[in-house]
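Subject: Structure handover

Hello,

I am passing a structure on to you, with some notes on what turned up in it. Please have a look at it first, then read on.

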Amino acid sequence: MPLSDTVEMLQAILGAIDEGIHVVDANGITIFYNHVAAKLDGLTSEEVLGRPLLEVFPSLDRQSSTLLRVIDSGESIYNQTQTYKNWKGMRVETINTTLPVRVGKRLVGAVEVAKDIGKLKELSERLVDLQAKISKPKRTKRTVDETTFHFEDILTMSEKMKRLKERARKAARTTSPVLIYGETGTGKELFVQSIHHASVRSSQPFIAQNCAALPAALLESLLFGTTKGSFTGADDRPGLFELADGGTLFLDELNSMPLDLQAKLLRVLQDGQIRRIGGSQSTKVDVRVIAAVNEAPQSLVERGIMRTDLYYRINVVSFELPPLRERREDVEMLIDHFLQKFNRIFGMNVRGISSEVANLFTAYEWPGNVRELEHVIEAAMNMVELDIILLDHLPTHLLERSQSEKKEAPISAQLLSKEGCTLPEILREVEEKVIKDAMQQTDGNVLRAAKLLGIPRQTLQYKLSQRMIPPC
């Protein structure tokens, strides 16, 4: 392929990427600038190409420009927040990853991939301002947010859940960190808020933050706050740790937090002090941290997603919430609860569900757990015509999934239908399937799978190492 064609192809590829791409040569002159970057900066390609970077963005200098810093240092910069103004005076806020470009050992320029975080940052700052307002003294328990949960709101007939509630009540008496593990939709925040409202901190702030909702750079500034001048456009702002002082900070999906930020969280847990980004002074905070993950914590540690030291520091008190499929005795109670809830919201009078729906609900695996059940009831009540929910009122995806589950006959029935299968062979194959299911449920964690199966880890290791007989 001719060189000119290769260059055109690369330009077409870079131009089609849905992120801002900005390339400068070793002198800081723009040599490539895609339409997304132009849109982010409020400029046109013609206004930027062939011009010195600092001429187009006069509010930057060689220290504050990530592109020029990479040219000067020859080192990459990852996920760096940058706030600047273009030559028209428009304010731009991005998060950049900037890499040096070399030909052999010679540095010939730098390439930057930029994402617009202006609106996201504005929303996060509004969140901080709102939290600051509602975290002021002299407020009642229910002014922190409109949806507050207490232990009485955890409806269950499951003995396991009852024991967890009792353990959580005891944990509410202390200030130790708590780690909660449960699949999506099992009610982790309900437990967290119940612990907070049963504690001596109930009249103090309760602040929740999903760690997966923001880029790492924004999450760090949101948690720890910023100091004016720490980066271009930065103001003096308290972080969520300061706003939660005296109360509880709930960090959901902790496993989404980058490892370097986990190290900073560990320091706060160890010494109770935070330092704003760009600041030189530490501030003492009294915050109870409760974290939640939707994967097995030990598996996260083994895979390097969660720091080992953070795991042992935050796992002082831990709870593992069972999925709805493991507490089917709660389904009927939860159905009644959600019917009453949506009757009240919609001004309706739906009395119940048909026997066909009840049978489907009982057999269904509920991969989305309690949250899925709630949404299914809400969806059905939008379709109901009289006062009973029928199969026709259920969401299509639920009916389709239920039908596919029905088609999977029990393994014993499948095997007995085949000629030549003896009882030992059937038992061997059933055992193999159960072990595979246990390993899948625990993301390949042998220790947790052995615990789930009720056998020693060594026994499971041995069975996994043995060659299973071929299917009948």
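Below is what was found, going from the cores to single residues. Please keep in mind that this is a predicted model.

Let me start with the nonpolar cores. The largest one has 36 residues, and L223, F241, L249, L251, L254 and M257 touch the most other members. Several elements give two or more residues to this core, including strand 6 (178–181), helix 9, helix 10, strand 8 (248–252) and helix 11 (259–271). Strand 11 (288–293), helix 12 (297–302) and helix 13 (308–314) do so too. If you would like one residue to click on, try L254: leaving aside residues up to four places away in sequence, L254 touches C211, Q262, L265, A291, A292, V293, M306, L310 and I314. There is also a second, separate core of 23 residues, which includes V331, L339, Y364 and V384. As background, nonpolar side chains in soluble globular proteins tend to be buried together.

Now to the aromatic rings. The count comes to seven aromatic pairs. One of them is F224 with F241: their ring centres are 5.6 Å apart and the planes meet at 15 degrees, under the 30 degrees cut-off, so the pair is stacked. F224 sits in helix 9 (residues 216–224) and F241 in helix 10 (residues 240–243), so this pair ties together parts that are 17 residues apart in sequence. Both partners are buried, F224 with a relative accessible area of 4% and F241 at 0%. Elsewhere, ring pairs join F361, Y364 and W366 into a cluster, and Y364 is also one of the residues of the second core. A charge over a ring turned up as well: R51 lies over the face of W87, at 6.0 Å from the ring centre.

D330 deserves a look of its own. Where does D330 lie? Its place is the loop between strand 12 (317–320) and helix 14 (331–346). Because its relative accessibility is 0%, D330 counts as buried. The D330 side chain reaches the backbone nitrogen of M157 at 2.5 Å. Not counting residues up to four places away in sequence, D330 touches L155, T156, M157, S158 and M161.

Last comes helix 16 (residues 369–383). Its 15 residues span 22 Å from the first C-alpha to the last, close to the 21 Å expected at 1.5 Å a residue. The buried residues in helix 16 are N369, V370, E372, L373, E374, V376, I377, A380 and M381.

Best wishes

Notes: Residues numbered from 1 in each chain as written. Predicted model: local features only at pLDDT ≥ 70, side-chain atom pairs only at ≥ 80, totals over all residues. Heavy atoms only, no water. Helix = DSSP H or I, 4+ residues; strand = E, 2+ residues; numbered from the N terminus. Expected span 1.5 Å × (residues − 1). Buried < 20%, exposed > 50% of the residue type's maximum accessible area, 1.4 Å probe, protein only. Polar contact = N/O pair within 3.5 Å; in protein donor to acceptor, adjacent residues only side chain to side chain. Contact = heavy atoms within 4.5 Å. Phe/Tyr/Trp six-rings, centres within 6.5 Å; stacked < 30°, edge-to-face > 60°. Lys NZ or Arg CZ within 6 Å of the ring centre and 35° of its normal. Core = buried A, V, L, I, M, F, W, Y, C linked by side-chain atoms within 4.5 Å.
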